[in-house]
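Here's a quick briefing to read with the model open beside you. Grab your viewer and follow along by residue number.

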Amino acid sequence: MRETTDILVIGGGPGGLACATLLAQKGAKVVLVERKAVIGPKVCAGGITWGGLLNHVPPSLIERGFPEQHIITRRQRVVVAEKNPIIATVSRLRLGQWMADQGREAGVTLLIRTRAQSLGKNQAVLETRDGKRVIIRYDHLVGADGANSLVRRFLGLPASAMGIGLNCMLPGRHPRMEWHLHTALFGSGYGWIFPHADAVSLGVYGDINNLTAPVLKKRLMSWSEAQGFRLDPAAIRAGLINFDYRGVRFDRTWLVGDAAGLASGLTGEGIYPALVSGQAVARMILDPADPATELMRLVKKQRQHRRLVALAGKQRHFCSLLMEVLVMFLRLKILDFHALEMTE
């Protein structure tokens with residue numbers, strides 16, 4: 001079978017869907033390919049920030065909002081409080097399904113459980129859910145296929161700056177949103193307790209160059225037990241986070257979100273960068289003269305986060321000192337919590 005489209009988007013996460021939907025709304029013919037059977041689920045704490053995505057999703061998607069953030073180190077416990085929710089939690093499944101519906105309404109052709117087998121100049125070979133082989137020709141290719149991006153590999157781009165997140169969802173309710181900066185366990189990363197509607201996300205994030213997945217999993221289990229939670233090792237899910245940014249445009253091939261390496265190396269925040277880059281790439285495809293101002297601000301913040309990670313990773317004692325100073329600055333209100341977000 002042979003097909004043609006204006007834009008082929010590989011990956012049905014927030015970045016791919018945001019890009020595809022905006023393009024389709026402007027009249028482009030868009031095909032989006034997603035290898036999973038269901039759009040939405042991903043290893044993710046499900047936190048979205050007030051300055052980022054929180055104002056751009058329907059209230060029905062918000063599970064819980066938190067105007068207070070509890071930040072714990074070995075020497076300090078700080079509560080950052082504001083009038084509005086600083087961070088809220090969403091279900092990645094429900095968010096993905098809502099964005100997929102927006103895409104379908106705009107006219108995006110969504111091919112679920114379809115895998116890109118190979119990429120070539122202006123065409124891709126796909127395998128559909130029923131095993132059929134489809135050759136699809138395109139004018140533009142958008143890689144929104146995550147940290148292990150096939151499109152990024154097709155471009156020959158390495159991904160040497162990577163983080164890893166481990167997450168487990170437990171039934172029940174928890175009153176506080178907590179960040180645990182325990183450098184002896186997590187290096188420049190952190191442990192989190194993010195309450196959802198009727199469940200709690202427990203997880204850890206760390207730099208994979210300094211912490212392997214098996215080590216981080218053991219530390220997650222011991223740390224969570226100390227917080228009063230007992231995890232089933234089989235229920236823990238792991239995912240890579242790419243923060244090795246090297247650009248979004250490569251002639252008529254584009255990268256967004258994790259595929260572009262636009263996640264935060266400091267916090268692992270990825271939903272907002274995916275949305276911003278997805279929409280920015282759509283606008284640049286439609287108008288090559290578009291200045292991509294919001295994307296440039298995002299790249300600036302992402303590079304700041306990456307420099308902090310590199311600085312903290314040089315030696316453990318300095319990392320601990322850096323974390324304590326950052327939290328002290330938060331406590332004294334010298335540093336705004338929002339400075340640690342990917343938004344300006």
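Strand β1 (residues 2-10) runs parallel to β11, and eight bridges hold the pairing. Strands and helices here are DSSP runs numbered from the N terminus, with at least two residues (E) for a strand and at least four (H or I) for a helix; two strands pair if DSSP finds at least two bridges between them. Bear in mind that this is a predicted model, where local features need pLDDT of at least 70 and side-chain atom pairs count only at pLDDT 80 or more, while totals for chains, interfaces and linings use all residues. Residues are numbered from 1 along each chain as its sequence is written, and side-chain values use heavy atoms, with hydrogens and water left out.

**Strand β11 and its partners**

- β11 covers residues 133-143, and eight of its eleven residues are buried. Buried means under 20% relative accessible area, exposed means over 50%, and partly exposed is in between (1.4 Å probe, protein chains only).
- To find the β1 pairing, look for Ile-10, which sits opposite Gly-143 of β11.
- Strand β10 (residues 123-127) also pairs with β11, this time antiparallel and through five bridges. Val-125 has Ile-135 as its bridge partner there.
- β10 and β11 make a hairpin with five residues between the strands, and Gly-131 in that hairpin has a positive phi near 85°.
- Strand β18 (residues 253-255) is another partner of β11, parallel and joined by three bridges. Here Leu-141 pairs up with Thr-253.
- As background, side chains in a regular strand alternate between the two faces of the sheet.

**A buried arginine without a salt bridge**

- Arg-92 belongs to helix α2, which spans residues 92-106.
- What is the nearest side chain of opposite charge to Arg-92? It's Asp-258, 8.3 Å away, and Arg-92 is buried with no salt bridge.
- For charges, Lys and Arg count as positive and Asp and Glu as negative, while His and the chain ends are not counted. A salt bridge needs a side-chain nitrogen of Lys or Arg within 4 Å of a carboxyl oxygen of Asp or Glu.
- Setting aside neighbours within four places in sequence, Arg-92 contacts Pro-14, Gly-40, Pro-41, Lys-42, Cys-44 and Ile-271. Contact means heavy atoms within 4.5 Å.

**Salt bridges**

- How many salt bridges does the structure hold? There are seven.
- One of them is within α2: Arg-104 and Asp-101 meet at 3.2 Å, N to O. These two are three residues apart in the helix, about one turn. Arg-104 is partly exposed at 42% relative accessibility, and Asp-101 is partly exposed too, at 38%.
- Glu-225 and Arg-230 form another, at 3.3 Å, N to O. Glu-225 is partly exposed, with a relative accessible area of 45%, whereas Arg-230 is exposed at 65%.
- Asp-244 and Arg-306 also meet at 3.3 Å, N to O. Asp-244 lies in the loop between β16 (237-242) and β17 (249-250) and Arg-306 in helix α8 (residues 293-312), so the pair ties together parts that are 62 residues apart in sequence.
- Is Asp-244 buried or exposed? Asp-244 is buried, at 1% relative accessibility, while Arg-306 is partly exposed at 30%.
- Salt bridges with shared partners link Asp-244, Arg-246 and Arg-306 into one network.

**Positive phi outside glycine**

- Most residues other than glycine have a negative phi.
- Asn-122 has a positive phi of about 70° although it is not a glycine. Asn-122 is in the loop between β9 (115-120) and β10, and is partly exposed with a relative accessible area of 25%.
- Lys-333, also not a glycine, has a positive phi of about 65°. Lys-333 sits in the segment after α9 and is exposed, at 76% relative accessible area.

**A nonpolar surface patch**

- Leu-311, Phe-318 and Leu-321 form a nonpolar patch on the surface, with about 240 Å² of accessible area together. Leu-321 is part of helix α9 (residues 316-331).
- Patches take residues with over 30% relative accessible area and no salt bridge, joining like charges within 9 Å and nonpolar side chains (Val, Leu, Ile, Met, Phe, Trp, Tyr) within 5 Å. Accessible areas come from the Shrake-Rupley method with a 1.4 Å probe, and for residues only the protein chains shown count as cover.
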